[in-house]
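Welcome, and please open the model in your viewer. We will take it in a few stops, selecting a little at a time.

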Amino acid sequence: MSASPAEGATAPRRPTGAQSVRRALDVLHCFHDNGPDLSASDLARRLTLPVSTAHRLARTLLDAGFLEQDFRTARYRLGPAVTELGRLSYHQRGLHLAAPELTDLAERTGVTADLALRSGPHAVIVAGGSVTPKVGLRRPLHSTALGKVLLAWARPGEGGPSSLPPLFAFTERTIVEPAALEAELTRVRTDGYARNDGESAHGVRTLAVPVLDRTGHARFALALRATPELITDDRTDWFLSRARSCARALEILLLPPGDRSES
C-alpha cells in the first residue's frame, strides 16, 4: 500500500503572508549600499534564497513599482514607488525645514552637520552634509555619536543595547562589550551629549546631541563631524553650545503636524 501524503515525505512549506512580506522587505534592503543594479541571482545570494524565489519576489515588487528593471540586463534597481514614499516621508517629517538650519550650523562651525533618526540597529542620516548620492546613509548605533544619542534617549519600543546584534569592531576604539556600551550610554545621558573619537573610522571626531520630543525621547540626533584637529578638546564646549542651539530650534521646526498648534 502506498503511503498517504501525511505518512510520506513532507512537502515544502509555502511561506506565510508575514514571511512573504518580510522577504519582500529584505529584497528592498539589499539596495541599502547604493551599489550597482542587482540580478535575481545577486538577490538570491545575498538573502540565501533559491533563485526562483528571489525572482518571484523581485517580479512582485516590480509590478508594484518598488523595483524597476533594466530590460537590457534584466537587473533591478529601486523603483519610483520608493522615491515617492521617500519624498512624502521627508516632507511629512518636516525635514525640508531642517536643511537650512543644518547648512547654517555647518557654515558657522566649519564642520559637517548631520541629522539622523533610528532604524532598527542603525542611525540613518536624513539631512545634512553627509547626504550625497555616493555615500550610504546608515551608521551602526554602537560605534557612532549619532547612534549613542539615539540609544541613550531611545523612544518607547525601540529597544536598548540588548536589542542590537553582536557589536562589530571598526577600529581598536570601538565599544564591543554590552556592559561597556551600557556604561557609555549612562555617561552620555549624564553629560547630555555623545562623542565618537575614532570608534567608527580613524581620524574622525564627532559630537552629537539629541533633538527631543515632548516626552524627553530623541526623535533625531544632531551631530557635528570633523577631525580631532578641528574639534579639539578645548573647543568641545563651543561646538556643543552651537549644536544644542540648533537642536532646540529643530525641536520646534520638526514637531509632528498635530503638535504644532500646541507649541
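How many helices and strands are there in the protein? Colour by secondary structure and you should find nine helices and eight strands. Keep in mind that this is a predicted model.

**Stop one: the whole chain.** Show the surface: the protein exposes about 14600 Å², with carbon and sulfur atoms supplying 56% of that area. Of the 263 residues, 39% are buried.

**Stop two: helix 3.** Select residues 51–63, which form helix 3. Its 13 residues reach 18 Å from the first C-alpha to the last, close to the 18 Å expected at 1.5 Å a residue. Now show side chains for Thr53, Ala54, Leu57, Ala58, Leu61 and Leu62, the buried residues of this helix. An α-helix has 3.6 residues a turn, so residues three or four places apart point the same way. To see what covers the buried residues of helix 3, add helix 1 (17–29), helix 2 (40–47), strand 1 (67–70) and strand 2 (75–78), which are among the covering elements. Then step past the end of the helix to glycine 65, where phi is positive, near 85°.

**Stop three: a helix pair.** Select helix 5 (residues 95–109) together with helix 8 (residues 236–253). Their axes lie 10 Å apart and make an angle of about 170°, so helix 5 runs roughly antiparallel to helix 8. Show side chains at the contact, including Leu97, Leu102 and Leu105 of helix 5 and Trp238, Phe239 and Leu250 of helix 8. By class, this contact has 11 nonpolar, one polar and three charged residues.

Technical notes
Residues are numbered from 1 along each chain as its sequence is written. This is a predicted model: local features need pLDDT of at least 70, side-chain atom pairs count only at pLDDT 80 or more; totals for chains, interfaces and linings use all residues. Side-chain values use heavy atoms; hydrogens and water are left out. Helices (H or I, at least four residues) and strands (E, at least two) are DSSP runs, numbered from the N terminus. Buried means under 20% relative accessible area, exposed over 50%, partly exposed in between (1.4 Å probe, protein chains only). Accessible areas come from the Shrake-Rupley method with a 1.4 Å probe; for residues, only the protein chains shown count as cover. Axes are lines fitted to C-alpha atoms, for helices over the stretch in contact, and angles run from 0 to 180 degrees between N-to-C directions. Angles under 35 degrees count as roughly parallel, over 145 as roughly antiparallel, 65 to 115 as roughly perpendicular and the rest as oblique. Contact means heavy atoms within 4.5 Å. Ala, Val, Leu, Ile, Met, Phe, Trp, Tyr, Cys and Pro count as nonpolar, Asp, Glu, Lys and Arg as charged, and the others, Gly among them, as polar. The expected span of a helix is 1.5 Å times one less than its number of residues.
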